[in-house]
Amino acid sequence: MSTTPLSLPQPSQKTPEFGHDALIACESLVRIYQSGSVEVQALQGLDLVVNSGEMIAVVGASGSGKSTLLSILAGIDAPTAGRARVDRWNLLTMSRADRVHYRRHTVGYVRQQTASNLVPYLTSRQMVDLPMTAARTPARDRRARAAELLGALGVAQCADRRPAQLSGGQQMRVAIAVALANEPHVLLADEPTGELDTATSAEVFSALRDVNRQLGVTVVVVTHDPEVSGQVERTVAIRDGRTSSEVVRRTATAADGGTHVIAEEYAVMDRAGRVQVPRDYREALALTRRVRLALEADHVTIRPDLDGDA
Ligand SMILES: Nc1ncnc2c1ncn2[C@@H]1O[C@H](COP(=O)(O)OP(=O)(O)OP(=O)(O)O)[C@@H](O)[C@H]1O
């Protein structure tokens, strides 16, 4: 007797999780602050993916949510909703003990005000030593690591000085060394050059680049400084608590062998396929509520709905 072969349905391919191969993945991240009877939506569905080894800048107007994002990634603040993962840690569900471990080993955080990163009565060496002592690193390793970090950041000569005996740039570099003490995968820096003059901020920025390139630490730096954002490979712009656009820079080689940097701006599409069309584009073509979308061979067009009022 012949049997008819059964045609079984193919098992559905599971869509990989958003940013599954990235080191940092935030999806539809929301943070609502309640101040009295007023609710402030600091983050309103932010998406962000950062790959291991990248150095990115986060820019945006004052109040757009940059510091909120950084303090969530630092494990200091908790999101209200959405998803946020750094390395193997889910930032929404981690326990208090996980959070301590995460803050100690996975991320280093440099706060916005330089002084708030430092302890006035400790020397630079003692400050770098502190997080390692908390992590129970043996004394010999602590000494070696502190010397290595202060050297790598160009402040070896400041090892025995207290914060008041350091310049602003030196204080910031010591703060970066402290943040790197326990060999985190990620360094988060909130406006590290905000209080510095142009020359000093260039030095601090170059120290951050060295940390990224030489130590392989993934760096996320919040900045207002176009000099800083212009020098990283990717700049993410936040507007009203959402990722609005990204600028990607790459080095191109011309026919004569000379190199130059090409910066291209991209709109960011979320997982549901939503893209924000910039206001000046919308106004230029009077794009309003309804638009015509057409799929072409290698692009999609958006046209005004000229029959809209018919
Ligand atoms: N603890 C808080 N309680 C209430 N509202 C807050 C709190 N922290 C931040 N906010 C509000 O959330 C919004 C985003 O603030 P956030 O500090 O993240 O912005 P920012 O982009 O870092 O600004 P800046 O560039 O000025 O530092 C602002 O409206 C701010 O007033």
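This is a short tour of one ligand site and three helix pairs. Keep in mind as you click around that the model is predicted.

**Stop 1: the ligand**

Select the ligand and show the residues around it. There are 13 of them, and Ser62, Gly63, Lys66, Ser67 and Thr68 come nearest. Now turn to the polar pairs. Pick Lys66: a polar atom of its side chain sits 2.8 Å from an oxygen atom of the ligand. At Ser67, look at the backbone instead, where an N or O atom is 2.8 Å from a ligand oxygen. Ser64 also uses a polar backbone atom, placed 3.1 Å from an oxygen atom of the ligand.

**Stop 2: H3 against H5**

Hide the ligand and select residues 124-134, which are helix H3, together with residues 168-179, helix H5. Their axes are 8 Å apart and the packing angle is about 25 degrees. That is under the 35 degrees cut-off, so H3 runs roughly parallel to H5. The crossing of H3 past H5 is right-handed. For the contact itself, show Ser124, Met127, Val128 and Pro131 on the H3 side, then Val174, Ala177 and Val178 on the H5 side. Colour this set by residue type and you get six nonpolar residues, one polar and no charged.

**Stop 3: H3 against H4**

Keep H3 on screen and add helix H4, residues 139-152. Here the axes lie 9 Å apart, at an angle of about 125 degrees, and the two helices are therefore oblique to each other. H3 passes H4 in a right-handed crossing. Which residues of H3 and H4 make the contact? From H3, pick Ser124, Arg125, Val128, Asp129, Met132 and Thr133; from H4, pick Arg142, Arg145, Ala146, Leu149 and Leu150. By type, this contact has five nonpolar, two polar and four charged residues. Ser124 and Val128 are worth a label, since you have met them before: they touch H5 and H4.

**Stop 4: H5 against H6**

Go back to H5 and bring in helix H6, residues 198-215. The axes come within 9 Å and cross at roughly 15 degrees, so H5 and H6 are roughly parallel to each other. H5 passes H6 in a right-handed crossing. On H5, select Gly169, Met172, Arg173 and Ile176; facing them on H6 are Thr200, Glu203, Val204, Ala207, Leu208 and Val211. The split in this contact is six nonpolar, two polar and two charged.

How values were computed:
Residues are numbered from 1 along each chain as its sequence is written. This is a predicted model: local features need pLDDT of at least 70, side-chain atom pairs count only at pLDDT 80 or more; totals for chains, interfaces and linings use all residues. Side-chain values use heavy atoms; hydrogens and water are left out. Axes are lines fitted to C-alpha atoms, for helices over the stretch in contact, and angles run from 0 to 180 degrees between N-to-C directions. Helices (H or I, at least four residues) and strands (E, at least two) are DSSP runs, numbered from the N terminus. Angles under 35 degrees count as roughly parallel, over 145 as roughly antiparallel, 65 to 115 as roughly perpendicular and the rest as oblique. A crossing is left-handed if the near helix is turned anticlockwise from the far one by less than a right angle, and right-handed if clockwise. Contact means heavy atoms within 4.5 Å. Ala, Val, Leu, Ile, Met, Phe, Trp, Tyr, Cys and Pro count as nonpolar, Asp, Glu, Lys and Arg as charged, and the others, Gly among them, as polar. A residue is near a molecule or strand if one of its heavy atoms lies within 4 Å of it. A polar contact is a pair of N or O atoms within 3.5 Å; within protein, one must be able to donate a hydrogen and the other to accept it, and residues adjacent in sequence count only if both atoms are side-chain atoms.
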